[in-house]
Amino acid sequence: MDISARNCLKGIVKNILPGSVNTEVILEIVPGVEVTAIITKSSAQKLQLAVGKEAYAVVKASDVIVAID
């Protein structure tokens with residue numbers, strides 16, 4: 001896979017919640033660390049996503065904000 005995005009996180013599909021238009025996909029990056037993405041239903045079908053399958057969370061943004069509590 002060649003991609004220009006700087007942040008690419010490999011994980012395992014933990015859960016898929018399909019809706020009428022969009023699908024929520026939860027990836028577990030490492031135990032206890034999850035990333036949730038909302039993608040189109042057709043994209044989820046095209047990628048043939050399934051629980052337990054390896055996938056990537058790709059983050060492309062011009063800004064990253066850091067905060068503390």
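**Notes on a four-stranded predicted model**

1. Let me start at Asp2, which lies in the segment before strand 1. Strands here are DSSP runs of E with at least two residues, helices are runs of H or I with at least four residues, and both are numbered from the N terminus. Asp2 counts as exposed because its relative accessible area is 81%; the cut-offs are under 20% for buried, over 50% for exposed and in between for partly exposed, with a 1.4 Å probe and protein chains only. Between the C-alpha atoms of Asp2 and Leu27 there are 20 Å, with the two residues 25 apart along the chain.

2. A word on the ground rules, since you will want them. This is a predicted model, in which local features need pLDDT of at least 70 and side-chain atom pairs count only at pLDDT 80 or more, while totals for chains, interfaces and linings use all residues. Residues are numbered from 1 along each chain as its sequence is written, and side-chain values use heavy atoms, with hydrogens and water left out.

3. Now the overall layout. The chain has one helix and four strands, and read along the sequence they follow the pattern β-β-β-α-β. The C-alpha trace spans about 35 × 25 × 25 Å along its principal axes. Of the 69 residues, 16% count as buried. About 5,500 Å² of the chain is exposed, with carbon and sulfur atoms supplying 55% of that area; areas come from the Shrake-Rupley method with a 1.4 Å probe, and for residues only the protein chains shown count as cover.

4. How are the strands arranged in the sheet? They form an open sheet of four strands in the order 3-2-1-4, with antiparallel pairing; two strands pair if DSSP finds at least two bridges between them. Strand 3 and strand 4 (54-59) are the edge strands, each pairing on one side only. Ignoring direction, neighbouring strands of this sheet are turned by 45° against each other on average (axes are lines fitted to C-alpha atoms, for helices over the stretch in contact, and angles run from 0 to 180 degrees between N-to-C directions).

5. Next, the hairpin of strand 2 and strand 3. Strand 2 (residues 22-30) pairs antiparallel with strand 3 (residues 33-40) over eight bridges. Two residues lie between these strands, and Gly32 in the turn has a positive phi of about 90°. To check the register by eye, look for Leu27 with its bridge partner Val35, and for Ile26 opposite Thr36.

6. Strand 1 (residues 7-18) is joined to strand 2 by six bridges, again antiparallel, and these two form a hairpin with three residues between them. Register markers here include Val13 with its partner Leu27, Asn15 opposite Ile26 and Leu17 opposite Glu24. Leu27 therefore bridges to Val13 in one direction and, in strand 3, to Val35.

7. Strand 1 also pairs with strand 4, antiparallel and over six bridges. One of the facing pairs is Gly11 with Ala55.

8. Ile12 in strand 1 is a good residue to click on. Is Ile12 buried or partly exposed? Ile12 counts as partly exposed because its relative accessibility is 36%. Leaving out residues up to four places away in sequence, Ile12 touches Ile26, Leu27, Glu28, Gly52, Lys53 and Glu54, where contact means heavy atoms within 4.5 Å. From Ile12 to Val64 the C-alpha distance is 24 Å, with 52 residues of separation in sequence. For the chain as a whole, among contacts between residues at least 6 apart in sequence, 42% join residues at least 24 apart.

9. Finally, the surface. Met1, Ile3, Tyr56 and Val58 make a nonpolar surface patch of about 410 Å². Patches consist of residues with over 30% relative accessible area and no salt bridge, with like charges joined within 9 Å and nonpolar side chains (Val, Leu, Ile, Met, Phe, Trp, Tyr) within 5 Å; a salt bridge is a side-chain nitrogen of Lys or Arg within 4 Å of a carboxyl oxygen of Asp or Glu. Tyr56 sits in strand 4 and is partly exposed, at 40% relative accessible area.
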